[in-house]
Amino acid sequence: MAMHLDDIVAAKKAAWSGPAAADAAARGRLLPARPGRFAAAIGGPEVSVIAEIKPKSPSKGPLLDLARAVPTARGYSAAGASAVSVLGDTPYFGGSPELVRSVAEDPWVDVPVLFKDFFVDTRQVTLAHDSGADAVLVIVRAVDDALLKDLVQSAHGLGLDALVETFTQDEVDRALDAGARVVGINNRDLQTFSVDLENSARLRRGIPRDVLTVSESGLSGRADIERIAAHGFDAALIGESLLNSPDPAAQVRSCTGVPILEVAS
Ligand SMILES: O=C(O)c1ccccc1NCC(=O)[C@H](O)[C@H](O)COP(=O)(O)O
């Protein structure tokens, strides 16, 4: 049965309600944090590709054999991705903090790493930091305003960037109020799994130019990148269409080099 956002968030809250999960975070980070590395990598004049390592998903099932995860991340990096997103969640997406660590510490992955999970506790930010990640993805809809601010501040305090994911105008307002410097707009409704790229176009208009913007989900090739470039997006987060391609690295390459168009704000 497909699990939707509310189910996943409830399970995450249960998993992080006790002290056991805190033990998992009590590990050292090998690489020093490089504050602002993720934001700098996606802040260029062309639409940056954030290429995802997502072993499976609740909507599509298996997508990538774990044994191919690090080689695929190396391919993304060599093909011109500006960053790699790695799923830290195990039950629903088949990733793990160890997987994030193995990508972040790999010498052939020469780009920042985003720790992708469902953040409901600031100890998860510490875990992401200790796993070697450069950034975390925080979903506005999963938390209240106080926790949202805590998660963003914890990330910034540890030298990580926070990509703050929104789906509605109200969530964009909440993200900006929480101090987000990088705002993601999801094209996928996480309750129904339906995808609408127009959601990016609609919500981009209200975001100031000094905030970096990422269009997320359902992007499947250069034409889609050109479409979001026309709305002034700095980056695209792409998973499924890369992993379903016979050559994910070549697919990344075909999505790079699209100039961001100036849009009136
Ligand atoms: O990917 C899913 O099916 C999913 C289901 C429930 C909650 C979140 C989900 N995805 C998380 C993501 O943010 C995507 O992996 C990411 O935006 C890339 O999207 P895509 O290119 O469509 O794989």
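**Notes on the barrel model and its ligand shell**

1. Let's begin with one residue: F193 is partly exposed, because 16 other C-beta atoms lie within 10 Å. On this scale a residue is buried with 20 or more other C-beta atoms within 10 Å of its own, exposed with 12 or fewer, and partly exposed in between, with C-beta atoms placed from the backbone. F193 sits in the loop between β8 and α9 (198–204). Its phi is near 70°, a positive value in a residue other than glycine.

2. A word on the ground rules. This is a predicted model, in which local features need pLDDT of at least 70 and side-chain atom pairs count only at pLDDT 80 or more, while totals for chains, interfaces and linings use all residues. Residues are numbered from 1 along each chain as its sequence is written. Helices (H or I, at least four residues) and strands (E, at least two) are DSSP runs, numbered from the N terminus.

3. Now the overall fold. Eight strands form a closed barrel in the order β1-β4-β5-β6-β7-β8-β9-β10, with parallel pairing. From one strand to the next, the twist averages 25°. Two strands count as paired if DSSP finds at least two bridges between them. The UniProt record, an unreviewed entry, places the feature "domain: Indole-3-glycerol phosphate synthase" at residues 46–254; UniProt positions are given in the numbering used here, feature names are shortened, and annotations may be inferred rather than shown by experiment. Over residues 46–254 the chain is 36% helix and 21% strand, and the end C-alpha atoms are 13 Å apart.

4. Strand β10 is a good place to see how the barrel closes. Which strands pair with β10? Strand β1 (residues 48–53) runs parallel to β10 and is joined to it by four bridges, and strand β9 (residues 212–216) pairs with β10 in the parallel sense over three bridges. In β1, I50 stands opposite L237 of β10, while S215 stands opposite A236 of β10. Both faces of β10 are covered: A235 and L237 are buried on one side, A236 and I238 on the other.

5. Elsewhere around the barrel, β4 and β5 run parallel and are joined by four bridges, with L87 opposite K116 in β5. Strand β5 (residues 113–116) is also covered on both faces, with V113 and F115 buried on one side and L114 and K116 on the other. Strands β7 (residues 161–166) and β8 (residues 182–186) pair in the parallel sense over four bridges, and E165 stands opposite G184 in β8.

6. The ligand comes next. Its shell holds 16 residues, of which the closest are S57, S59, S217, G239 and E240; a residue belongs here if its C-beta atom, placed from the backbone, lies within 6 Å of the ligand. Both β10 (235–238) and α11 (240–243) supply at least two residues of this shell.

7. Is S217 buried or exposed? S217 is buried, because 26 other C-beta atoms lie within 10 Å. Its place is in the loop between β9 and α10 (222–229), and its positive phi is about 80° although S217 is not a glycine. As background, most residues other than glycine have a negative phi.

8. Two helices deserve a look. Six of the eight residues of α5 are buried, so this helix is largely enclosed by the rest of the structure. The buried residues are P97, L99, V100, R101, V103 and A104, and their cover includes β1, α4, β4, β5 and α6 (122–130). That cover is judged by contact, meaning C-beta atoms, placed from the backbone, within 7 Å. Helix α4 (residues 69–78) has A69, T72, A73, G75, Y76 and S77 buried, and what covers them includes β1, β4 (83–87), α5 (97–104) and α12. Just after α4, G80 takes a positive phi of about 105°.

9. Finally, V258 lies in the segment after α12 (248–255). V258 counts as buried because it has 21 C-beta neighbours inside 10 Å. Setting aside neighbours within four places in sequence, V258 is in contact with E46, V47, R222, I225, E226 and A229. V258 and I225 are 33 residues apart in sequence, yet their C-alpha atoms are 7.1 Å apart in space.

Terms used: Axes fitted to C-alpha atoms, helices over the stretch in contact; angles between N-to-C directions. Contact = placed C-beta atoms within 7 Å.
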